[in-house]
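Student: I should like to learn how to read the features of a structure. May we examine one together?

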Amino acid sequence: MTQTIFVLNGPNLNMLGKREPGIYGGKTLKDIEADCKAAGRELGFDIDFRQSNHEGVLVDWFHEADEKAAGVAINAGAYTHTSVALHDAIRAISIPVIELHISNVHAREEFRHKSMIAPACKGVICGFGPYSYILALHALKNITA
């Protein structure tokens, strides 16, 4: 039976391809979704790919993932640095969560250096452009096998 992985995306990631291409590159979120689904097939995962600009929706999706998925990869965007609610949602579920970022957040503004969700996650991947998503899927394959 194929395992499902939720790939969750936070605020403003729907603007990829238009928003600061010097930082985030030219791929759209739809392009990244296609890449994730292709990698998922190779890894034996069904990918449930979602994006919301609303923190509470992301919290609800973590709760849903606990019932339906083997793991979660999340690019929480700006909520990474501010959301105790996402931190608590990750701690409340029993499946592994990988935090990911397209850019190297540690090479950017000081406020991006602190993650509120990292302590609740199994690991963090950042700085590899859109390939960070694929690396997160490989990490989930490794820890759910």
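Student: Which residues are in contact with Tyr-24, leaving aside its neighbours within four places in sequence?

Tutor: Contact means heavy atoms within 4.5 Å. By that rule, Tyr-24 is in contact with Leu-16, Arg-19, Ile-102, Ser-103 and Arg-108. Please bear in mind that this is a predicted model, in which local features need pLDDT of at least 70, side-chain atom pairs count only at pLDDT 80 or more, and totals for chains, interfaces and linings use all residues. Residues are numbered from 1 along each chain as its sequence is written, and side-chain values use heavy atoms, with hydrogens and water left out.

Student: Is Tyr-24 buried or exposed, and in which helix is its place?

Tutor: A residue is buried under 20% relative accessible area, exposed over 50% and partly exposed in between, with a 1.4 Å probe and protein chains only. Tyr-24 has a relative accessible area of 8% and is therefore buried. Its place is in helix H1, residues 21-24; helices (H or I, at least four residues) and strands (E, at least two) are DSSP runs, numbered from the N terminus.

Student: Which residues does the UniProt annotation "active site" cover?

Tutor: In the unreviewed UniProt entry, that annotation covers Tyr-24 and His-101. UniProt positions are given in the numbering used here, feature names are shortened, and annotations may be inferred rather than shown by experiment. The two span 78 residues in sequence, yet their C-alpha atoms are no more than 9.5 Å apart, so they gather at one spot. Both Tyr-24 and His-101 belong to the lining of the largest pocket. On a 1 Å grid over the protein atoms alone, a pocket is an open set of points where a 1.4 Å probe fits, with protein on both sides within 12 Å along at least five of seven lines; lining residues have an atom within 4 Å of a point.

Student: With which side chain does the side chain of His-101 make a polar contact?

Tutor: A polar contact is a pair of N or O atoms within 3.5 Å; within protein, one must be able to donate a hydrogen and the other to accept it, and residues adjacent in sequence count only if both atoms are side-chain atoms. For His-101, the partner is the side chain of Glu-99, at 2.7 Å. His-101 lies in strand E4 and is buried, with a relative accessible area of 5%.

Student: How should one read the buried residues of helix H4?

Tutor: An α-helix has 3.6 residues a turn, so residues three or four places apart point the same way. In H4 (residues 84-92), Leu-86, His-87, Ala-89 and Ile-90 are buried. They cover an arc of only 165° around the axis, which puts them on the same side of H4; the arc is that of the directions from the helix axis to the C-beta atoms. H3 and E4 are among the elements covering these buried residues, whereas the face turned away carries the exposed residues Arg-91 and Ala-92.

Student: What does Lys-68 in helix H3 touch, not counting residues up to four places away in sequence?

Tutor: Lys-68 touches Thr-4 and Phe-6. Lys-68 and Thr-4 are 64 residues apart in sequence, but 7.1 Å apart in space, C-alpha to C-alpha. Lys-68 is exposed, with a relative accessible area of 53%, and its side chain makes a polar contact with that of Glu-64 at 3.0 Å.
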